[in-house]
Amino acid sequence: MTSQAWQDLLGYLGRLGAGDVILATELLDRAIDRDGIDAINDALGDACRSAMDRVMFPAGTVDIHAVVDTIALRIVETSGDTRLIAVDQQWSLLVFLGSVGLPCAARNEVASWSPEDRLHDSIACLIGLVGIAASDAHTTIADAVAHIAPPGPVEIPEGTFGLAWRGPNGSEPFAGVVPRGYTAHITFPGAEQCSLRSIFAGVALLRDAKLSIELPIELPIEEHVDVDVNR
């Protein structure tokens with residue numbers, strides 16, 4: 001993206017990276033007046049996706065639901081959002097941003113927000129992701145901001161996706177019908193480190209390939225189903 005909204009957003013991020021919150025806020029207000037709030041929201045979404053490329057996970061089994069839970073909590077803590085709904089909002093926004101436009105409950109949720117609410121949560125999400133990337137890489141906020149660029153194609157990580165049924169205490173049931181209170185958790189045993197965005201891209205590939213991971217609650221299934229995305 002090379003639009004005016006994107007350039008204005010980079011200016012806003014530059015001031016944030018320099019620690020000048022007041023000037024950053026003034027720049028953002030002027031950008032909204034000039035470009036429109038929808039254009040700024042779109043630019044923020046792309047900036048968040050770019051930051052998701054810098055949130056990395058080591059090789060090994062990744063529980064997608066646990067990852068989103070953890071990142072949403074870290075975003076709220078890093079951005080200082082004290083609202084009771086903050087974690088749920090960030091959870092939905094992360095899934096929406098990572099699902100690359102595929103139909104999902106999170107897309108419907110985000111679509112129901114007002115432009116002002118989406119702006120607020122997108123700013124918090126971006127600040128949180130940049131803070132996480134800087135902390136994990138042991139670098140400065142200014143350095144993390146400097147690496148924000150229009151998101152390009154994302155590589156699908158090598159590994160095997162799986163589906164497991166987990167209860168609220170982390171336990172897994174035996175094979176058969178899904179007990180009440182259990183939900184589907186997607187796991188990814190990765191062969192090498194991968195980014196938050198690439199994990200989402202792998203899940204999106206499964207859905208786009210018509211390999212459904214949303215099964216009826218009463219359908220008998222195996223306890224763990226592996227789907228090789230590198231076939």
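**Reading salt bridges and a helix crossing**

Student: Asp-20 counts as partly exposed at 26% relative accessibility; which side chain does Asp-20 meet in a salt bridge?

Tutor: This is a predicted model, in which local features need pLDDT of at least 70 and side-chain atom pairs count only at pLDDT 80 or more, while totals for chains, interfaces and linings use all residues. Residues are numbered from 1 along each chain as its sequence is written, and side-chain values use heavy atoms, with hydrogens and water left out. Side chains of opposite charge can pair when their charged atoms come close. Here Asp-20 meets Arg-15 at 3.5 Å, N to O (a salt bridge puts a side-chain nitrogen of Lys or Arg within 4 Å of a carboxyl oxygen of Asp or Glu), and Arg-15 is partly exposed at 31% (buried is under 20% relative accessible area, exposed over 50%, partly exposed in between, with a 1.4 Å probe and protein chains only).

Student: Is Asp-121, which forms a salt bridge with Arg-83, buried or exposed?

Tutor: Asp-121 is buried, at 0% relative accessibility, and its closest approach to Arg-83, N to O, is 2.4 Å. The pair joins distant parts of the chain, since Asp-121 lies in helix α7 and Arg-83 in the loop between α4 (64-79) and α5, 38 residues apart (helices are DSSP runs of H or I, at least four residues, numbered from the N terminus). Arg-83 also forms a salt bridge with Asp-81, at 3.0 Å, and Asp-81 is buried at 12%.

Student: At what angle do the axes of α3 and α5 cross?

Tutor: The axes of α3 (residues 37-52) and α5 (residues 86-98) come within 10 Å and cross at roughly 85°, and the two helices are therefore roughly perpendicular (65 to 115 degrees).

Methods
Axes fitted to C-alpha atoms, helices over the stretch in contact; angles between N-to-C directions. Parallel < 35°, antiparallel > 145°, perpendicular 65-115°, else oblique.
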